[in-house]
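User: I'd like to learn how to read the features of a model like this one. Could you take me through them, giving the general idea and then the case at hand?

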Amino acid sequence: MNQKPRPKRAYVETYGCQMNISDGELMQGILADHGYEIVGAPEDADVVLVNTCAIREHAERRVLGRVSQLNGLKRERPDMVIGVTGCMAQRLGKTLLEQAPYVDLVMGPDGYRGLPEALERLERERSGGGSEHGTPRAAGVAPGGTISVIERSRGRGPQLAVLDLNMDENYQGLERRRADGPSAWVPIQRGCDHRCTYCIVPYVRGGEKNRSAVEVLSEVRRLAEQGVTEVTLLGQTVNSYVWEGVSFPGLLRDVARIDGIRRVRFTSPHPNDVTPDLVEVMAEEDAVCEQLHLPAQAGNNRTLKRMLRRYTVESLLEKVDLVRSAIPDVALSTDIIVAFPGETDDEFRDTLDLMRTVRFDEAFTYKYSLREGTPATRLPESDFVDADVAQARLAELIEVSRDIQSEINHSEIGRVEEVLIEHTGRDEGQVRGRTRRSKVVVFDGDPARIGEYADARLDRTTGVTFIGTEVGAAESVAAG
Ligand code: SAM
Ligand code: SF4
């Protein structure tokens, strides 16, 4: 009797931002649609894809370490395919194939539609021989763009590179494969039209491409029917979204009104597109959470100008006032880069002042990382901040922002907040979730309740996380 061949098994490991997590879900969806079984560990997979980030050098070093570790598995199973996808694959391209000769495929963020064809092509090339060792040969165009085939030495078969950027690729019409749960990421935009001088994103993800509002809304409706109650709209400058006359505030309002959706968030907005219209929708629509990420990057006008952020400290503070006057209880978070080339100590102190003025609920803090190909690399060498000074600035910034976060969180003890239970807690019998303002709360509860909403009193805080107690409906009304 003929046995059916077992389906090929694929494992996708994702590093980096929410957009990358969402791209990982997209790749899993595309592969599952082409008959692959998606597995949870590289040991069980025929195809291992490492979906990478290029935003800082540290992120890339981690991936190189991981890929070399995966080569250990490949030595035991030479048929295994290792692919590197995402921003680092796009940035390094064929150099990565030379640096890590055991990698079989590099594919940039606009190539995923052609993933099954590229994997098939790899298999055909492996069984069919090739041309001269070490020489690239063109291989025609697949749905994800041009596939280049590079022969490896020592009979190890070819490597493939799919690196075209494609202004039309929005992944329209493709299904993501999401983990079960109450929350979902929904990309509404890819790429970025800004050129912040430190940032690699526009070079590895191309210009801004917005998804059709019709498709976004039908995806959210489908998610709601499947039981999702919280969605986060994603884009590099998510609030610059516009599609055939539908602006971001309009889309946000429509998403917030979909039956079954109780919470809507969005990230990352650009401060310049935090407009009165957007703030009005945030304030009026019950489902839009009282939370805003406002990436400041620096608190000094000369630095902001050299970063090409296109706003000043004063205009940023106006945005903060606009949001806080409409939504007094809003939780604000930010991103800050220290030691941008040319940043003086006084200018760094201005950033600390900004933190003390705004009092962000949370800050994501980074040391400037030089990204080859970005405009900041052309600044005079003498501008580059000494590594020890950069480290000291980062440490001071973290201390200031943690202190502020802790003070704010201590002042919130005693409040009763609605928590969406998302995970089990670290200790047995505990669950963990987030409030509407995106604060993490841990309390005693049954893990079977993941996906449910509960009211919890915030009893204590570590400074970052809250430890709470679930309260009945009556108590929450009294406290509210
Ligand atoms: N589009 C978002 C925005 O404009 O805020 C940012 C996206 S980026 C994935 C996330 C954060 O990484 C940025 O806000 C910035 O703080 C940080 N970042 C980007 N490039 C960096 C670099 N070269 N060095 C250090 N941090 C960087
Ligand atoms: Fe990078 Fe600036 Fe675009 Fe954000 S807005 S992705 S920081 S270029």
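User: Let's start with polar contacts to a ligand. Which atom of Ser369 lies 2.8 Å from a nitrogen atom of ligand 1?

Analyst: A polar contact is a pair of N or O atoms within 3.5 Å; within protein, one must be able to donate a hydrogen and the other to accept it, and residues adjacent in sequence count only if both atoms are side-chain atoms. In this case a backbone N or O atom of Ser369 sits 2.8 Å from a nitrogen atom of ligand 1. Taken alone, ligand 1 exposes 560 Å², and the protein buries 91% of that; such accessible areas come from the Shrake-Rupley method with a 1.4 Å probe, and for residues only the protein chains shown count as cover. Side chains contribute too: an N or O atom in the side chain of Gln297 is 2.7 Å from an oxygen atom of ligand 1, and for the side chain of Asp335 the distance to a ligand oxygen is 2.6 Å.

User: Before we go on, what kind of model is this, and how are things numbered?

Analyst: This is a predicted model, in which local features need pLDDT of at least 70 and side-chain atom pairs count only at pLDDT 80 or more, while totals for chains, interfaces and linings use all residues. Residues are numbered from 1 along each chain as its sequence is written, chains are lettered from A and ligands numbered from 1 in the order in which they are written, and side-chain values use heavy atoms, with hydrogens and water left out.

User: How many residues surround ligand 1?

Analyst: A residue is near a molecule if one of its heavy atoms lies within 4 Å of it. By that rule 15 residues surround ligand 1, and the closest are Tyr198, Gln236, Gln297, Asp335 and Ser369. For the class of each residue, Ala, Val, Leu, Ile, Met, Phe, Trp, Tyr, Cys and Pro count as nonpolar, Asp, Glu, Lys and Arg as charged, and the others, Gly among them, as polar. The shell of ligand 1 then divides into six nonpolar, four polar and five charged residues.

User: Which strands each supply at least two residues of that shell?

Analyst: Helices (H or I, at least four residues) and strands (E, at least two) are DSSP runs, numbered from the N terminus. Strand 17 (331-338) and strand 18 (362-367) each give at least two residues to the shell around ligand 1.

User: What surrounds ligand 2?

Analyst: Its shell holds Cys192, His194, Cys196, Tyr198, Cys199, Val201, Pro202, Gln236, Thr237 and Arg309. By class, that shell around ligand 2 has six nonpolar, three polar and one charged residues. Tyr198 and Gln236 are also among the closest residues to ligand 1.

User: With those cysteines in mind, how many disulfides does the rule give?

Analyst: A disulfide is a covalent bond between the sulfur atoms of two cysteines. The rule asks for a pair of cysteine sulfur atoms within 2.5 Å, and the count comes to zero. Cys17 shows why: its closest cysteine sulfur, in Cys53, is 6.2 Å away, too far for a bond.

User: Is Cys289 buried or exposed?

Analyst: Buried means under 20% relative accessible area, exposed over 50%, and partly exposed in between (1.4 Å probe, protein chains only). Cys289 is buried at 3%, whereas Cys17 is partly exposed at 34%.

User: Where should I look for backbone oddities?

Analyst: Most residues other than glycine have a negative phi, and most peptide bonds are trans. Here the peptide bond from Thr267 to Ser268 is cis, with omega near -5°, and Ser268 belongs to the loop between strand 15 (263-267) and helix 9 (276-284). Leu308 has a positive phi, near 60°; this residue is in the loop between helix 10 (301-307) and helix 11 (313-326) and is partly exposed at 35%. Ser438, also not a glycine, has a positive phi of about 70° and lies in the loop between strand 20 (430-435) and strand 21 (440-444).

User: What does the side chain of Thr461 reach at 3.0 Å?

Analyst: That partner is the backbone oxygen of Thr465. A polar atom of the Thr461 side chain also lies 2.8 Å from the backbone nitrogen of Gly463. Thr461 is part of strand 22 (residues 453-461) and is buried, at 12% relative accessible area.
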